[in-house]
Amino acid sequence: MNAPAARFLSPSEAARQLGISAKALRLYEERGLVAPGRTPAGWRAYGPAEMARCAEIVELRALGLSVGEVARILNGDAAILGRVLTAHEATLEARIRQCGDSIARVRRLRTDLGCGKMPATRDLIGAVRARPALGVAFDLPWPWDGERFELRDVKSLNYIVGPLGSGKTRLAQRLAEALPGATFVGLDRAADGGAAVRARLEADPAHKARVEASLAVLLADGAVDSAALTTLLAVIEANDGAIPVIDMLEQGLDAASQEAVIAHLRRRGPEARPLFFLTRSSTILDLDAVGDDEAIILCPANHSLPICVRPIPGAAGYEAVATCLASPEVRARTEGMVAWLPS
């Protein structure tokens, strides 16, 4: 009996089966990660071999790897694979430490319970959480006119997104005021070529060493050395305990640098301090790569209350977020432009 013919899938069918978007599939093709076949009419078609390759890419992306890193690993780049495994090992070790602390707290509660002492609710919650929950609530500024905003569980990476004029910068500034020890980092961070930042780094050798180590990793991952990149790393690698709220994370960074930066941030591990940042870049906020410890906060165009959006097609606010994002190339072409209607 002849074996059944292999079934070939359209891009939309393949994307649905893989749990990603058709746009992500096209990106993988553009970057040379997968080469779909063609129907006699010229349409793309994904057979078993292409689907297996795409499944590998999706799994690697789930580890927080950039598309560039995935390409290099699949091409046998031992150096990048070594760095990825080292970072993953550090993350696992951090989780083991967290689990050890949680086990110790649970044992203490059980001991107290055995002695007839009922644990306080806050102690019980603290014992079962992998990381103490950080939340914030405050009255929103104009244009929301004092409406209440609450973020109950701050994630490791928190994206703030919205169209022009939606109030996302005001939300970010208010977050920086309300979060304990937070600081707002504006677009002027690289003024004068980052001279002020370089002076601070020279005065703090330990901080400078952390920035240089991170910069070396990013440059090896394809980033381009620039004052904007060094300034950003100085903010991220600061050891002052403050939570940075960064205006337009992609400011001054080309596409390769953006890709390297967001992959680097995802590898920081569960013990790293949270980061908030505004973005309109589809490389920084790749909706197909958002992990469990990442949150998307959307400021709607109509000045409705900001909402948290799940990175799942069809979820409330998903399409609005997608329409706010553009590739780094488009963002660079439209930097500083404002839409207007002729009178």
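Okay, one bit of vocabulary before we start: when I say two strands pair, I mean DSSP finds at least two bridges between them. And keep in mind that this is a predicted model.

So, take strand S7, residues 244–246, and strand S8, residues 275–278: these pair in the parallel sense, over 2 bridges. If you want a spot to click on, go to Val-245, whose bridge partner in S8 is Phe-276.

Now zoom out to the sheet. S7 and S8 belong to an open sheet of 6 strands, running S6-S7-S8-S5-S9-S10, and the pairing is mixed. At the edges you have S6, 183–185, and S10, 307–309, each pairing on one side only. On average, neighbouring strands here are turned by 25 degrees against each other, ignoring direction.

What packs on this sheet? Helix H11 does, residues 255–266, and it touches S5, S8 and S9. Its direction makes about 135 degrees with that of S5.

Okay, on to the cores. The largest nonpolar core has 38 residues, and among those with the most contacts inside it are Tyr-159, Leu-265 and Phe-277. S5, S8, S9 and H11 each give two or more residues to this core, and so do helices H8, H9, H10 and H12. Which element gives the largest share? That's H10, with 7 residues.

Let's look at Leu-265 for a second. Leaving out residues up to four places away in sequence, Leu-265 touches Leu-157, Ile-236, Leu-249, Leu-275 and Phe-277.

And there's a second, separate core, with 23 residues, including Leu-25, Leu-60, Val-67 and Ile-80. That's my tour, thanks!

How values were computed: Residues numbered from 1 in each chain as written. Predicted model: local features only at pLDDT ≥ 70, side-chain atom pairs only at ≥ 80, totals over all residues. Heavy atoms only, no water. Helix = DSSP H or I, 4+ residues; strand = E, 2+ residues; numbered from the N terminus. Axes fitted to C-alpha atoms, helices over the stretch in contact; angles between N-to-C directions. Contact = heavy atoms within 4.5 Å. Core = buried A, V, L, I, M, F, W, Y, C linked by side-chain atoms within 4.5 Å. Buried < 20%, exposed > 50% of the residue type's maximum accessible area, 1.4 Å probe, protein only.
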